[in-house]
Amino acid sequence: MSSFGTAITTVAMPVLVVQLLGATPLEVGVVNAAQFVPYAVLGVIAGVYTDRWCRRPILVWASIGRALSLGAVPVLWACGILQVWMLVVALLLFGSFSVFGFAAAQSLLPRLVPRDRLLRANMRLDQTDAAAQTLGPSIGGGLVGLVGAPLAIVIDAVSYLADAVLNATLRVEEPRAPRRPARLRTEIGEGMRWTYRHPMLGPLTVSTHVWFVANGAAMTALSLLALRELGFSALTYGLLLTVFGVSSLIGASSAAVITGRIGAGRAIVGARSLYPLAWILVAVAPPSELGAALLFVAIGVQGVAMGIENTPEQLLWQTLAPDRLLGRTNATRRAGNRTLAAVGALSAGAAVGLVGDRGALAATVVVFAVAAAIAWLSPLRRRGEETLAFD
């Protein structure tokens with residue numbers, strides 16, 4: 001349910017920032033980076049406490065916190081005092097709660113689902129997210145046109161409240177944490193060792209970090225290109241993201257079959273190789289109807305790739321990392337991912353101001369290619385990687 005609300009905000013937030021608040025390219029980058037900054041500050045610490053505490057209550061309180069953070073945005077707008085810096089503060093709070101929420105969510109699934117059903121379970125979750133991304137942006141574009149971007153964000157805030165209620169009803173037995181946990185530094189180090197030194201998970205982590213730099217930059221440049229140079233309306237921008245949702249659903253629905261046939265690592269490598277091709281189309285899109293069509297094609301390719309790779313990636317983490325470390329490994333890599341996404345967003349905001357949309361997008365193509373190359377050169381191409389041991 002919260003995925004549906006988030007899909008609406010994905011349309012509403014750029015419209016709010018670019019069109020209603022009249023933000024500069026650098027300010028757009030700052031706003032896009034704001035929700036990711038807390039991962040750099042709290043990420044590894046959140047992982048430790050996710051492994052120490054019961055994970056279901058963390059999910060509940062994280063959802064409540066995100067609802068309140070987002071809910072402040074339309075309230076400030078209604079009072080006529082919303083400014084870019086206030087939006088940044090709200091997103092910093094939202095990101096702080098998200099750090100704990102995502103660490104707990106990704107770590108709780110193996111306690112709810114038997115190991116032999118994890119692939120299917122991850123696929124179902126990805127399909128649900130993709131379905132929300134399919135309907136959410138188109139509805140979000142309509143809502144933004146009908147009631148305005150600030151009020152459309154209310155839907156996302158309410159969805160997180162509903163998410164908290166549903167998570168509170170989960171029935172799961174969670175082991176008690178040790179009475180005397182190890183020192184914080186020791187626990188952080190153990191999680192980082194599994195994340196970066198594992199022969200399979202280490203290269204995957206680095207490749208994903210580079211991917212997030214590229215994606216953070218690409219999405220910032222895309223919003224400026226589509227909403228300004230190509231003149232997309234809120235509805236058209238919503239339809240663009242709807243295409244992403246549809247293609248993600250197609251990719252997620254085929255992920256289990258592809259992973260079963262060629263292995264999780266090879267599925268990830270193949271999908272990751274599609275991103276540079278997609279963003280080349282965006283970088284060369286002219287300010288015309290042809291350019292708009294190229295954006296839709298590119299986002300479709302991006303969605304298929306993301307839909308395919310997410311399920312096997314989650315499977316590798318949930319099967320290669322022990323349950324007692326899932327909170328730390330998930331939070332550590334997500335901290336790196338989101339931190340570098342913020343770097344990418346800020347870099348793109350600055351780059352657009354210096355070299356324009358096209359120059360910034362050309363740079364993202366190169367970075368996507370580097371992420372793909374790291375995956376290609378790693379053991380991820382080895383079949384049977386799910387059984388690779390690490391001590």
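Reader: In this predicted model, how many residues does the largest nonpolar core have?

Author: The model is predicted. In its largest nonpolar core, the residues with the most contacts inside are L16, L87, V144, F232, W279, V282 and L295. The core as a whole has 72 residues.

Reader: Which helix gives the most to this core?

Author: The top contribution to this core is 11 residues. They come from the helix spanning residues 201-229, which is α9.

Reader: Which residues does L16 touch, leaving out those up to four places away in sequence?

Author: L16 is one of the residues with the most contacts inside the largest nonpolar core. Without residues up to four places away in sequence, its contacts are L21, V73, W77, L82, L87, A149, P150 and I153.

Reader: Where is the kink in α3 centred?

Author: Helix α3 covers residues 37-52, and its end C-alpha atoms are 24 Å apart, in agreement with the 22 Å that its 16 residues should span at 1.5 Å a residue. The helix nevertheless has a kink of about 55°. One of the buried residues of α3 is G43, and the kink is centred on G43.

Reader: Is W85 buried or exposed?

Author: W85 sits in helix α5, residues 84-112. Its relative accessible area is 53%, and the cut-off for exposed is over 50%. W85 is therefore exposed.

Reader: How many residues apart are R328 and E190, which form a salt bridge?

Author: The closest N and O atoms of R328 and E190 are 3.2 Å apart. R328 counts as buried at 5% relative accessibility, whereas E190 counts as partly exposed at 26%. R328 is in helix α14 and E190 in helix α8, so the pair links distant parts of the chain, 138 residues apart.

Reader: Which helices hold E229 and R358?

Author: The side chains of E229 and R358 meet in a salt bridge, 2.7 Å from N to O. The pair ties together parts that are 129 residues apart in sequence, because E229 and R358 lie in separate helices. Those helices are α9 for E229 and α14 for R358.

Reader: Which residues are joined into one network by salt bridges that share partners?

Author: R272 and E313 form a salt bridge, with their closest N and O atoms 3.5 Å apart. R272 lies in helix α11 and E313 in helix α13, so this pair ties together parts that are 41 residues apart in sequence. R272 is buried at 1% relative accessible area, and E313 is buried at 7%. Through shared partners, the network joins R272, E309, E313 and R333.

Conventions
Residues numbered from 1 in each chain as written. Predicted model: local features only at pLDDT ≥ 70, side-chain atom pairs only at ≥ 80, totals over all residues. Heavy atoms only, no water. Helix = DSSP H or I, 4+ residues; strand = E, 2+ residues; numbered from the N terminus. Buried < 20%, exposed > 50% of the residue type's maximum accessible area, 1.4 Å probe, protein only. Expected span 1.5 Å × (residues − 1). Bend = angle between axes of the 7 residues up to and from the residue. Core = buried A, V, L, I, M, F, W, Y, C linked by side-chain atoms within 4.5 Å. Contact = heavy atoms within 4.5 Å. Salt bridge = Lys/Arg side-chain N within 4 Å of Asp/Glu carboxyl O.
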